[in-house]
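Q: Please pick one part of the model below and describe it closely. Start with the overall layout, then go down to the side chains.

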Amino acid sequence: MNLRKLRLAMRITQEALAHDAGTSSSYLSAIENGRSSPTLKAMERLAKALGVNAVYLLSRRISISIVSDDELEIGAILARPAVTLRRHPHKPTGRPSKTK
């Protein structure tokens, strides 16, 4: 699965993606490390949070290239066009920051 590869290329933390997809970061970690298989509903939520079709997460191979400092081009090895996404270097999670 291409979840981790895509998440890292988009500069999104596990915590932020889990929050945006409405799941826990431990469940996301288990999926990325192959310790858990996501449900179809979870795959849909993760793909939506990343701004891609679930096909890109399930494809055997995808290519990710940097188009510019804030954009990525993602192409699956399918008869589908590449998708250009904006990266989120500091994507807010909606949670209060921890300050002391």
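## Glu32 and the helices around it

A: Read from the N terminus, the order of elements is α-α-α-α-α-β-β-β, that is, five helices and three strands. The model is a predicted one. Of the 100 residues in the protein, 37% are buried. The accessible surface is about 6400 Å², with carbon and sulfur atoms contributing 52% of that area. Among contacts with a separation of 6 or more, 45% join residues 24 or more positions apart. The part chosen for the close look is Glu32, which belongs to helix H3.

Begin with the helix itself. H3 spans residues 25–32, and its buried residues are Leu28, Ser29, Ala30, Ile31 and Glu32. The cover over these residues includes H1, H2 and H4. After H3 comes Gly34, with a positive phi near 75°.

Glu32 has a relative accessible area of 14%, so it falls under the 20% limit and counts as buried. Apart from neighbours within four places in sequence, Glu32 contacts Leu3, Arg4, Arg7 and Gln14. Three of these contacts, with Arg4, Arg7 and Gln14, can be taken in turn.

Take Arg4 first. The side chains of Glu32 and Arg4 form a salt bridge with an N to O distance of 3.3 Å. This pair joins distant parts of the chain, with Glu32 in helix H3 and Arg4 in helix H1, 28 residues apart. Their C-alpha atoms are separated by 5.8 Å. The pair also appears as a polar contact of 3.3 Å between the two side chains. With a relative accessible area of 32%, Arg4 is partly exposed, because its value lies between the 20% and 50% limits.

Arg7 comes next. Its side chain meets that of Glu32 in a salt bridge of 2.7 Å, N to O. Here too the link is between distant parts of the chain, from Arg7 in helix H1 to Glu32 in helix H3, with their positions 25 residues apart. Arg7 has a relative accessible area of 7% and is therefore buried. The structure holds two salt bridges, and Arg4, Arg7 and Glu32 are linked in a network of them.

Gln14 adds a polar contact from another helix, H2. The side chains of Gln14 and Glu32 make this contact at 2.7 Å. Gln14 is buried, at 17% relative accessibility. Leaving out neighbours within four places in sequence, Gln14 also touches Arg7, Ser25, Leu28 and Ser29 besides Glu32.

Between H1 (3–9) and H2 (14–21) there is a loop, and Arg11 lies in it. Phi of Arg11 is positive, near 60°, although the residue is not a glycine. Its relative accessibility of 41% makes Arg11 partly exposed.

The nonpolar surroundings come next. In soluble globular proteins, nonpolar side chains tend to be buried together. The largest nonpolar core in this model has 19 residues, and Leu3, Leu17, Leu46, Leu50, Val52 and Leu57 are those with the most contacts inside it. Each of H1, H2, H3, H4 (40–50) and H5 (54–58) gives at least two residues to this core. H4 gives the largest share, five residues. Leu3, listed among the core residues with the most contacts, is also in contact with Glu32.

H4 is one of the elements covering H3. Its buried residues are Ala42, Met43, Leu46, Ala47, Ala49 and Leu50. Looking down the axis of H4, these residues fall within an arc of 160°, so they line one face of the helix. An α-helix has 3.6 residues a turn, so residues three or four places apart point the same way. The other side of H4 carries the exposed residues Leu40, Lys41 and Lys48. Gly51, just after H4, has a positive phi of about 80°.

Leu46 shows how this face connects to other helices. Not counting residues up to four places away in sequence, Leu46 touches Leu3, Leu17, Ala21, Leu28, Ile31 and Leu57. Two of these, Leu28 and Ile31, are buried residues of H3.

To sum up the site, Glu32 is buried, its side chain makes salt bridges with Arg4 and Arg7, and it has a polar contact with the side chain of Gln14.

Key:
Residues are numbered from 1 along each chain as its sequence is written. This is a predicted model: local features need pLDDT of at least 70, side-chain atom pairs count only at pLDDT 80 or more; totals for chains, interfaces and linings use all residues. Side-chain values use heavy atoms; hydrogens and water are left out. Helices (H or I, at least four residues) and strands (E, at least two) are DSSP runs, numbered from the N terminus. Buried means under 20% relative accessible area, exposed over 50%, partly exposed in between (1.4 Å probe, protein chains only). A nonpolar core is a set of buried Ala, Val, Leu, Ile, Met, Phe, Trp, Tyr and Cys residues joined through side-chain atoms within 4.5 Å. Contact means heavy atoms within 4.5 Å. Accessible areas come from the Shrake-Rupley method with a 1.4 Å probe; for residues, only the protein chains shown count as cover. The arc is that of the directions from the helix axis to the C-beta atoms. A polar contact is a pair of N or O atoms within 3.5 Å; within protein, one must be able to donate a hydrogen and the other to accept it, and residues adjacent in sequence count only if both atoms are side-chain atoms. A salt bridge is a side-chain nitrogen of Lys or Arg within 4 Å of a carboxyl oxygen of Asp or Glu.
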